[in-house]
Amino acid sequence: MNILILGSGGREHAFAWKIAQSPLCEKLFVAPGNAGTAAIATNLAVGFNDFEKIAEQVLENQIELVIVGPEEPLVRGVRDYFQSRPDLQHILMVGPDSKGAMLEGSKDFSKNFMVKYGIPTAKSQTFTKDTLEDGLAYLATQKLPIVLKADGLAAGKGVIIAQTLEEAQTSLSEMLVDAKFGDASSKVVIEEFLTGIELSVFVLTDGESYKILPEAKDYKRIGEADTGLNTGGMGAVSPVPFATEKFMQSVEENIVKPTLTGLQAEGIKYNGFIFIGLMNHEGEPIVIEYNARMGDPETEVVLPRIESDLLTLMIATAKGELGQAEFSVSKQHAVTTVVVAGGYPGDYNKGDVIVGYENVEDASIFHAGTKLDGNLVVTNGGRVMALTGMSNTLERAIQKSQKAAGTISFEGKYYRRDIGLDVLRYS
């Protein structure tokens, strides 16, 4: 089978790495890909939102399965586009249509969905420019800190945790009136602040059957001990020691099953991944958010732990036959450390030559923000590479990941040296 993966980050390299291992994989393409995917697949110089050019490449290269990595093409309707064209309707795809992708594409939609189907989540209300005064008054009645979320996609930057009423009211005005996050903040969800430890649970579903993939915990802040600005993710661990069997049973019964039941009740034939961002709040799981795809860098610890043939699972999902597919997970621990460009998540350089990756031993390298410049691999993004170590113990997996991160070198390189250390006490 010929397969196309849409995307260019560490998540997509991890998918390519896993799928390339399958005996069912004949030719593998990634659009647009990066320097890492170029070593194991054919990169196509096509943007993942350019549906017409994607379609051309699918037909030209006789691609039978498309796996969608990022959220933007899903929200924009790449599946809808394929289904609208008679010459593409036979192409298998893993990724929901635009209606299903609203779980991520609209915070207001997902909050209303959770309330409607009894899925535990923080209480919230949504406001627009026209109801700004109501929003300001509502803030004055709420406990602090409080969370403000842009309704739409904002490249991971549309969330503000306000510590004071003045900050909250100023932020609400900036988001609604000044369009701080563009169209994404034409609606703003004001949500109560929950305390606890975050983790992510990933579900693969064909709309009827589902598999719960390995859970993960990621590290969003740029600084050690979770300080500084939020990033796209500085590392991740899986399994999560405090996600006990009892906790995960609660996740399945109170969140996963009602979510799928709700989607069916809404007439949404959901096919693909559902990322459930959770808070372990006083021992109970509460949903913070949904995403309509796998997380990054969580994918770089989740996929290495899946022992089953991933391509077989993808085909079964796309065909609506996931219930018949075998699925097994390794008991090993996986830890990934993300190496980033100096200055990230603010301004950073691109084009710096990366060296030392050929000396990495006993860890997997997943390229994120890289590209080829002749024979050289150079930086091409804020998050440059994710280094994943695996072992029978969390401590050893941390050591392998950190050693690999230290082996990579480029101008201004930075990485957190505390990934996984906070959960060691649970293991």
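Trainee: Which residue just after α7 takes a positive phi?

Mentor: Just after α7, that residue is G118, with a positive phi of about 65°. A word on the basis: this is a predicted model, in which local features need pLDDT of at least 70 and side-chain atom pairs count only at pLDDT 80 or more, while totals for chains, interfaces and linings use all residues. Residues are numbered from 1 along each chain as its sequence is written, and side-chain values use heavy atoms, with hydrogens and water left out.

Trainee: How should I read a label such as α7, and how many helices and strands are there?

Mentor: Helices (H or I, at least four residues) and strands (E, at least two) are DSSP runs, numbered from the N terminus. In this protein they come to 13 helices and 22 strands. The radius of gyration (taken over C-alpha atoms) is 21 Å, close to the 22 Å of the globule rule (2.2 Å times the number of residues to the power 0.38) for 427 residues, so the protein is as compact as a globular protein of that length. The C-alpha trace spans about 60 × 50 × 45 Å along its principal axes.

Trainee: Which residues of helix α7 are buried, and what covers them?

Mentor: Buried means under 20% relative accessible area, exposed means over 50%, and partly exposed lies in between (1.4 Å probe, protein chains only). In α7, which runs over residues 107-116, the buried residues are K107, D108, S110, K111, F113 and M114. Their cover, judged by contact (heavy atoms within 4.5 Å), includes α6 (102-105), β6 (124-128), β7 (146-150), β9, α10 (245-265) and β17. Across the protein, 56% of the 427 residues count as buried.

Trainee: How do I read a single residue, for example R293: where is R293, and is it buried or exposed?

Mentor: R293 sits in the loop between β17 (284-291) and α11 (299-302), and R293 counts as buried because its relative accessibility is 12%.

Trainee: What does the side chain of R293 make polar contacts with?

Mentor: A polar contact is a pair of N or O atoms within 3.5 Å; within protein, one must be able to donate a hydrogen and the other to accept it, and residues adjacent in sequence count only if both atoms are side-chain atoms. The side chain of R293 makes one such contact with the side chain of E71, at 3.3 Å, and another with the side chain of E104, at 2.7 Å. Once neighbours within four places in sequence are left aside, R293 is in contact with R11, G69, P70, E71, L74, E104, F273 and F275.

Trainee: Where is S185, and what lies by its side chain?

Mentor: S185 is in the loop between α9 (165-176) and β9 (187-192), and S185 counts as buried because its relative accessibility is 0%. A polar atom of the S185 side chain lies 3.3 Å from the backbone nitrogen of F181. Apart from neighbours within four places in sequence, S185 is in contact with A150, M175, L176, A179 and K180.

Trainee: Which residues does V147 touch?

Mentor: V147, in strand β7, touches V159, I160, I161, V189, I190, E191, E192 and F193, not counting residues up to four places away in sequence. V147 counts as buried because its relative accessibility is 7%.

Trainee: Which peptide bonds are cis, and which residues other than glycine have a positive phi?

Mentor: The general idea is that most residues other than glycine have a negative phi, and most peptide bonds are trans. Here, a cis peptide bond joins A31 and P32, with omega about 0°, and P32 is found in strand β2. A cis peptide bond also joins D296 and P297, with omega about 25°, and P297 lies in the loop between β17 and α11. As for phi, D226 has a positive value of about 55° although it is not a glycine, and D226 lies in the loop between β13 (221-223) and β14 (227-230). E282 likewise has a positive phi of about 55° although it is not a glycine, and E282 lies in the loop between β16 (272-281) and β17.

Trainee: Are D226 and E282 exposed or partly exposed?

Mentor: D226 counts as partly exposed because its relative accessibility is 39%, whereas E282 is exposed, with a relative accessible area of 74%.
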